[in-house]
Amino acid sequence: MAIRIDPNFGRAYHCRGRAYSAKGDRDHAMADYNEAIRLDPAYGPSYTSRAEEYFNKRDFDLAIAGFTESIERSPKQAYRALVMRGEAYAAKGDADRAVADYGEAMQRNPAAAWPYELRSTIRLNKGDLDAALDDCDSAVRLEPGNAGGHYCRAMVFLKKDDSDRTIRELDDVIRIMPSFERAYVVRAVVLHRKGDDKRALADLDEAIRLKPANLEAYHSRAGVFRDLGRHDRALADYNEAIRLDPKSQLALANRGLLYMMMSDPKHARADFSRVLALPPSDKWAADTAREGLGFLK
């Protein structure tokens, strides 16, 4: 309605673009951002939003160029644009540039926890667990009521094989943000390792309730049921995981193992063959499929 009244109102296009983006309508969002920039080239948020849309489309080179333009044109947009440009660099595998952008974002906004959480992920992936934990501690210190810092710490403790501290941090995550379905899945995996299958299943049930298309939760719950000897329930969950992603090599390999446990070599062989017919992306799944087929000969 605002645009009908004033077709040259650039900021209305920007706001409508944000609404389209929130609905997942990438094409209409991008069209509105382009029009907002054409009508009001001095308005910085339109550049950041357009770059974020490129990021959502996984066009990381255009996203980086867009965030760079946003930083140059609008100092007020620099903090968010730097963080998001860092995420784009990280997605491209350029960890050094990502860390540099997170560091500059910290200088622009010293009270923000988000750049520390993201830098921690980079350091965690490099195996620098102590530095990663330092970043998580900084995030929690800066924003103790934010779930992100606690989840960040949980991932480091998980990598350190410290189950108890992982669970405690995830308890805090879920207390702060009860809708954080990923926290339930990770906590369930750790609880299962500790033998607390009742709580693990409760967490996975909740994760699926929060996100019904949660492939990871179905796959993890299938593993718990399989270990409990409840093969029919395990098979149902593996079937659902594969329905959600027919190319999930991990789920196919695990379902093949389950079929072997159920003395069903025909279906086991079919699943292992499907794994090996897919482009290799999971070494464990491929090795398991080859070994399984060798055993079934």
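**Loops, helix packing and burial in an all-residue survey**

S263 is exposed, with a relative accessible area of 64%. The cut-off for exposure is over 50%, so a value of 64% places S263 in the exposed class. The model is predicted. S263 lies in the loop that joins helix 16 (249–261) to helix 17 (265–277). Its backbone carries a positive phi, near 60°, although the residue is not a glycine.

D161 also has a positive phi in a residue other than glycine, here about 60°. This residue sits in the loop between helix 10 (147–159) and helix 11 (163–176). D161 is exposed, and its relative accessible area is 64%. D162 belongs to the loop between helix 10 and helix 11. D162 is partly exposed, with a relative accessible area of 22%. That value falls between the limits of 20% and 50%, so D162 is classed as neither buried nor exposed. In sequence, D162 and V190 are 28 residues apart. In space, the C-alpha atoms of D162 and V190 are separated by 9.6 Å.

At the level of the whole chain, the secondary structure consists of 18 helices and zero strands. The C-alpha atoms fill a box of roughly 70 × 40 × 35 Å along the principal axes. The chain has 297 residues, and 49% of them count as buried. Contacts were also sorted by sequence separation. Among contacts in the chain with a separation of 6 or more, 46% link residues 24 or more positions apart.

Helix 4 (residues 44–56) packs with helix 6 (residues 78–91). The angle between them is about 15°, and the axes are 11 Å apart. Angles under 35 degrees count as roughly parallel, so helix 4 is roughly parallel to helix 6. The crossing of helix 4 past helix 6 is left-handed. On the helix 4 side, the contact involves T48, E52 and F55. On the helix 6 side, the partners are R80, M84, E87 and A88. By class, this contact comprises three nonpolar, one polar and three charged residues.

R50 is another residue of helix 4. R50 is buried, with a relative accessible area of 17%. The burial cut-off is under 20%, so R50 at 17% meets it. Leaving out residues up to four places away in sequence, R50 touches M30, Y33, N34, I37 and E69.

Helix 9 (residues 129–142) was checked for length. At 1.5 Å a residue, its 14 residues should span 20 Å. The end C-alpha atoms are 20 Å apart, so the expected span and the modelled span agree. The buried residues of helix 9 are L129, A131, A132, L133, D135, C136, S138, A139 and V140. These buried residues pack against two helices of the chain, helix 8 (114–125) and helix 10. Helix 10 also borders the loop that holds D161 and D162.

Definitions and conventions: Residues are numbered from 1 along each chain as its sequence is written. This is a predicted model: local features need pLDDT of at least 70, side-chain atom pairs count only at pLDDT 80 or more; totals for chains, interfaces and linings use all residues. Side-chain values use heavy atoms; hydrogens and water are left out. Axes are lines fitted to C-alpha atoms, for helices over the stretch in contact, and angles run from 0 to 180 degrees between N-to-C directions. Helices (H or I, at least four residues) and strands (E, at least two) are DSSP runs, numbered from the N terminus. Angles under 35 degrees count as roughly parallel, over 145 as roughly antiparallel, 65 to 115 as roughly perpendicular and the rest as oblique. A crossing is left-handed if the near helix is turned anticlockwise from the far one by less than a right angle, and right-handed if clockwise. Contact means heavy atoms within 4.5 Å. Ala, Val, Leu, Ile, Met, Phe, Trp, Tyr, Cys and Pro count as nonpolar, Asp, Glu, Lys and Arg as charged, and the others, Gly among them, as polar. Buried means under 20% relative accessible area, exposed over 50%, partly exposed in between (1.4 Å probe, protein chains only). The expected span of a helix is 1.5 Å times one less than its number of residues.
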